[in-house]
Amino acid sequence: MGLAKRMQNTATRLLSKFDESNGRIVLVKVGGEPVWDPVSAEMVLPASIEIPLTGVTVAFSAAQVNGTTIQSGDVMCVVKADDAEITQQDKVKIDGVQWSIVDTPLVDYTGLSICHKIHCRK
């Protein structure tokens with residue numbers, strides 16, 4: 001087994017072991033473009049899909065807050081890479097509160113996905 005695969009297995013094992021989510025961290029896939037509903041005669045947004053994620057939330061330290069890229073109150077969710085495909089159009093719910101996704105860097109090593117580090121902002 002190569003080093004990258006062992007790193008991925010270790011990250012998955014640790015995120016699963018220290019997973020604080022238990023349904024606490026949820027990815028909300030936005031429903032998409034509005035569609036016309038002939039019954040109500042109005043544009044309706046398709047239903048959003050909620051996907052539970054395995055991972056932990058981490059607050060940024062005061063030294064990391066620069067007021068532009070990272071603002072006070074931002075958090076980072078470190079989640080398993082294979083839970084779901086994450087885009088900036090999606091939302092993250094942490095303890096029932098919805099956050100916008102600022103950045104979704106994927107930690108990878110030689111092309112093998114290790115984990116996602118989702119930068120979230122209210």
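How many of the 6 residues of E6 are buried? The answer is 6 of the 6, so this strand is largely enclosed by the rest of the structure. Here are some notes to read alongside the model, which is a predicted one.

1. **Overall make-up.** The chain has 1 helix and 10 strands. Starting at the N terminus, the order of elements is α-β-β-β-β-β-β-β-β-β-β, with the helix ahead of the strands. Taken along the principal axes, the C-alpha atoms fill a box of roughly 55 × 40 × 25 Å. Of the 122 residues, 30% are buried.

2. **Contacts, surface and charge.** If you take the contacts between residues at least 6 apart in sequence, 58% of them join residues at least 24 apart. The accessible surface comes to about 7,400 Å², and carbon and sulfur atoms account for 55% of that area. On the charge side, you will find 12 positive and 14 negative side chains. The centres of these two sets lie 10 Å apart.

3. **Strand E6 and its partners.** Back to the strand from the opening question, which covers residues 75-80. E6 pairs with E5 (residues 55-59) through 5 bridges, and the two run antiparallel. In that pairing, Ala59 stands opposite Val75 of E6. E6 is also joined to E10 (residues 112-121), again antiparallel, by 6 bridges. Here Cys77 has Ile118 of E10 as its bridge partner. With E5 and E10 both paired to it, it is worth recalling that 6 of the 6 residues of E6 are buried.

4. **Strand E7 and its two faces.** Which side chains of E7 are buried, and which are not? In this strand (residues 91-94) the side chains alternate. Val92 and Ile94 point to one face and are buried, while Lys91 and Lys93 point to the other face and are not.

5. **The neighbours of E7.** E7 is joined to E1 (residues 25-29) by 4 bridges, in an antiparallel arrangement. Leu27 stands opposite Val92 there, and Val92 is one of the buried side chains of the strand. E7 is also joined to E8 (residues 97-103) by 4 bridges, and this pair runs antiparallel too. In this second pairing, Lys91 stands opposite Ser100; the side chain of Lys91 belongs to the face that is not buried.

6. **The E7-E8 turn.** E7 and E8 form a hairpin with 2 residues between them. Asp95 lies in this loop, and its phi is positive, about 55 degrees, although the residue is not a glycine. Is Asp95 buried or exposed? With 51% relative accessibility, Asp95 counts as exposed, because the cut-off for that class is over 50%.

7. **Ala41, another positive phi.** The loop between E2 (35-37) and E3 holds Ala41. Its phi is near 55 degrees, a positive value in a residue other than glycine. Ala41 has a relative accessibility of 48% and counts as partly exposed. Both Ala41 and Asp95 would be good places to look at the backbone on screen.

8. **Asp90, a buried acid.** Asp90 sits in the loop between E6 and E7. Why does Asp90 count as buried? Its relative accessible area is 5%, and buried means under 20%. The side chain of Asp90 reaches the backbone nitrogen of Thr87 at 3.0 Å. Setting aside neighbours within four places in sequence, Asp90 is in contact with Leu27, Val28, Lys29, Val30, Glu85 and Ile101. Among these, Leu27 is also the residue that stands opposite Val92 in E7.

9. **Leu45, an exposed leucine.** Leu45 has its place in the loop between E3 (42-44) and E4 (49-52). At 60% relative accessibility, Leu45 counts as exposed. Apart from neighbours within four places in sequence, Leu45 is in contact with Gly32 and Pro34. Leu45 and Asp90 are 45 residues apart in sequence, and their C-alpha atoms are 14 Å apart in space. To set the two side by side, Asp90 is buried, whereas Leu45 is exposed.

Conventions: Residues numbered from 1 in each chain as written. Predicted model: local features only at pLDDT ≥ 70, side-chain atom pairs only at ≥ 80, totals over all residues. Heavy atoms only, no water. Buried < 20%, exposed > 50% of the residue type's maximum accessible area, 1.4 Å probe, protein only. Pairing = 2+ DSSP bridges. Contact = heavy atoms within 4.5 Å. Areas by Shrake-Rupley, 256 points an atom, 1.4 Å probe, with all protein chains shown as cover. Lys, Arg positive; Asp, Glu negative; His and termini not counted. Charge placed at Lys NZ, Arg CZ, Asp CG, Glu CD. Polar contact = N/O pair within 3.5 Å; in protein donor to acceptor, adjacent residues only side chain to side chain.
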